[in-house]
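Student: Hi, could you walk me through this one? I'd like to start with how the chains meet.

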Amino acid sequence: MFKINAERNKFVVKILSDNFSEAIVQQEVILDMLCITVTKEAINPFLLFLRDNNELKYDFLTTLCGMHYPEIDQLGVVYHLHSLTNNHYIRVKTATELSNPVLPTATNIWPSANWMERETFDFFGIQFQGHPNLVRILNVDDMTAFPLRKDFPLEDQTREDKDDSMFGR
Amino acid sequence: MANELHTDYWERDFVRTEEPKEYNTLNVGPTHPATHGVFQNIMLMDGEFIVETEQTIGYIHRAFEKIAERRPFYQITPLTDRLNYCSAPLNNMGWHMTVEKLLGIETPKRVDYLRIVIMEFARIADHLICNSVIGVDSGALTGFTYLFQSREFIYEIYEEICGSRLTTNMGRIGGFERNFSAKAWDKIRYFLKTYPAKLAEFENLLARNRIFMDRTINVGSFAADRALAYGFTGPNLRACGVDYDVRVMNPYCSYDEFDFFIPLGQNGDTYDRFMVRQEEMRQSLYIIEQAIAKLDKMDDKQTYYASDPRFVLPPKEKVYNNMEALIWHFKIVMGETDIPAGEVYHCVEAANGELGFYLVSDGGRTPSRLHFRRPCFIYYQAYPEMVKGTMLSDAILTMSSMNVIAGELDA
Amino acid sequence: MAEKQNSILTPTTAAAPEGISGQGFFATSLEKAVGLARKNSLWPLPFATSCCGIEFMATMGSHYDLARFGSERLSFSPRQSDLLMVMGTVAKKMGPVLREIYIQMAEPKWVIAVGACASSGGIFDTYSVLQGIDRIIPVDVYVPGCPPRPEQIIDGIIKIQELVGNESLRRRNSAEYEALMKKYNME
């Protein structure tokens, strides 16, 4: 169904743990993808290393998205990187506290991170330090809440024609 | 003055000028006939030339990712329809394959081939709109009205299979909701027979047309390394000369059994993007023919969904006539089947590039987080760099050749 | 007569309104003559935001051919159009733009909301989507569907034509219309 490149995973993990033994919080293989959690202090050098190391070459930022973990009051960012030369994906996770969500930007590593980080800021309120233009991108400028956090209601609050008792809201 | 008018504009230096210049600000969008979607570009103009562009998007932001957190898995399919609505089935099937990957459902070969037929039709339908719109923006409306008839034929094929035209909601997790009817096969075969001639005629209209070539060659060109840095995928990246195609690199849905070319461009300009899409349509036809040949060779003509009653919605006839099917239907619809916890990233080669789904499930009825990697959203941010220093009319063509779909851009 | 006129299959040659005809003359009220002229030469402004816009392209295309109903002249400038066709989701960010476009249109003007999103917000009952454009501008005809088929869009156009043809010349000066505009905070 899907292929797991176990050898490659092992190889990547070995290189990473040699260089970032303290920064790596957790490493696991979920379904078909190698998934590594690093501390937020190390995230920028870690990503830079992934891009520039000659044997890893994760030179393509596939996507970047925010996460909200309400149980532990944390906000996270998940990076999906793709090495086009080795055809290998890696998922890098990092997290920051909800009360002071600050993370370093990845725009200095990949220009494509620009809008993705703006979107993440728009949705979750994560402050990316060093971002050239960190303003809202999809929502209206004067919005104050961060809509993709779990405590934000999905439905439009101005509707009166829906009987909430029927919908369990 | 007369001299100035005749200078070649490529030789002019736009940014560093001796005397202070007067710039104009031009607002294009959010509803402008030339933007083909709702996004705004505020351009700083030096006469006809663009000095700077500032983009504003989000004019049809619908909060898909938030809605997806409140919907059961099978109800997310209609949302994916509305991402890139020009090629809805591609998004549907990408989503279904993502969920199948998480649930560990193995689809039968016949389902894979049927999916490939539909996905390639969707690709044709999308490229066809993009290329004919490039024609419209360079002043040739004929190609558009002409090629749209072919799109109507594809709509009819969709209708035979799932009943709707544009936002198809086609297929279910694990396969299709019904088998392809004989009429659908007739229509598919008719399309395959008639379309190549139409496509050739359309290409004759534009590809060697002097005006079209002058308007598109070397317009909006982009270097391969910049394209990669900006996260380009799909035809736009391939026009720059990078042969990255998800169908080949990480084959899904049995694409590895198929034989096809990946067309590449050289300069990454508007003309290359047009030609890459033209050739991809031909390759798609070729893939569909192979898929049909494979399906014809199979003895099995009935299987159209995976045999996994825990997650695959049973067909309606069985729900009405069979006790177990009714129970499973009820359990799936009422959300009593346990979705395993886990996270998965799956990507398909959609019409615009790598369409990825990052799905996190915490074991509940709905995803705990679903993120769409929308190719448009990622590559549209390179637009200011692409159009810097070019003329306004070229910027319009560049945008239409990038095929930015507002639904996918804003999600 | 009226039913036959409205059939999609019949080519539209506008039927003469009711009136008195005799040898060499035909008399009808000015209102009816103006209504006849207006309804068969609507200039639509396609405000296409998403999926329904693609179906509108199909409606304009050679297969369905909206030109048969006298509205093939798309006007992308609000100042030169009679009919605002809102097709697709209108987000709250887009709301002020839509309102501005409606205000810029010259009287008499009509609005048609094509698709579930424009009519009511559709499946997108979310914080970012306007729950129906009738919250910010008055709407004359709603076309249901997600997206509606081209036939449905054509049906909506025919419904608008009926409204236009029967509209009183003084309607836009009436107190009722003024009250409607006031409801939407427009002068």
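Student: How much area do chain B and chain A bury between them?

Tutor: About 3,700 Å², with 62% of it on carbon and sulfur atoms. Bear in mind that this is a predicted model.

Student: And how many residues of each chain are in contact?

Tutor: The contact involves 43 residues of chain B and 42 residues of chain A.

Student: What about salt bridges across that interface, how many does the rule find?

Tutor: The rule finds five between chain B and chain A. One pairing is E343(B) with R91(A), where the closest N and O atoms are 3.4 Å apart. There are also 19 residue pairs in polar contact between the two chains, counting pairs with both residues at pLDDT 80 or more.

Student: Which element gives the most to the side of chain B that touches chain A?

Tutor: That's β4(B), with four residues. Several other elements supply at least two residues each, including α4 (88–103), β5 (353–361) and α18 (406–410) of chain B.

Student: Switching topic: how is chain B divided into domains?

Tutor: Into domain 1 (2–56) and domain 2 (64–410). Their C-alpha centres lie 34 Å apart. Domain 1 of chain B brings 19 residues to the contact and domain 2 of chain B brings 22.

Student: What area is buried between those two domains, and which residues supply the most on the domain 1 side?

Tutor: The buried area is about 1,800 Å², and carbon and sulfur atoms give 65% of that. F39(B), I50(B) and Q55(B) supply 31% of the area that domain 1 of chain B buries against domain 2 of chain B, more than any other three residues.

Student: How many salt bridges and polar contacts are there between the domains?

Tutor: The salt bridge count is zero. For polar contacts, the rule finds five residue pairs, again with both at pLDDT 80 or more. On the domain 1 side, β3(B) gives the most to the surface touching domain 2 of chain B, with five residues.

Student: Now the inside. Which residues touch the most other members of the largest nonpolar core?

Tutor: Y79(A) and L84(C), in a core of 208 residues. Helix α5 (residues 109–137) of chain B gives the largest share, 15 residues.

Student: Why does that core lie between the two domains of chain B?

Tutor: Because domain 1 (2–56) and domain 2 (64–410) of chain B both give residues to it.

Student: What is Y79(A) in contact with, beyond its sequence neighbours?

Tutor: Leaving aside neighbours within four places, its contacts include I43(A), L61(A), V92(A), P104(A) and F128(A). R91(A) is among them too, and R91(A) is the residue that forms the salt bridge with E343(B).

Methods: Residues numbered from 1 in each chain as written. Chains lettered and ligands numbered in written order. Predicted model: local features only at pLDDT ≥ 70, side-chain atom pairs only at ≥ 80, totals over all residues. Heavy atoms only, no water. Core = buried A, V, L, I, M, F, W, Y, C linked by side-chain atoms within 4.5 Å. Buried < 20%, exposed > 50% of the residue type's maximum accessible area, 1.4 Å probe, protein only. Domains from an automatic or database assignment. Contact = heavy atoms within 4.5 Å. Buried area = accessible area lost by both parts, 1.4 Å probe. Salt bridge = Lys/Arg side-chain N within 4 Å of Asp/Glu carboxyl O. Polar contact = N/O pair within 3.5 Å; in protein donor to acceptor, adjacent residues only side chain to side chain.
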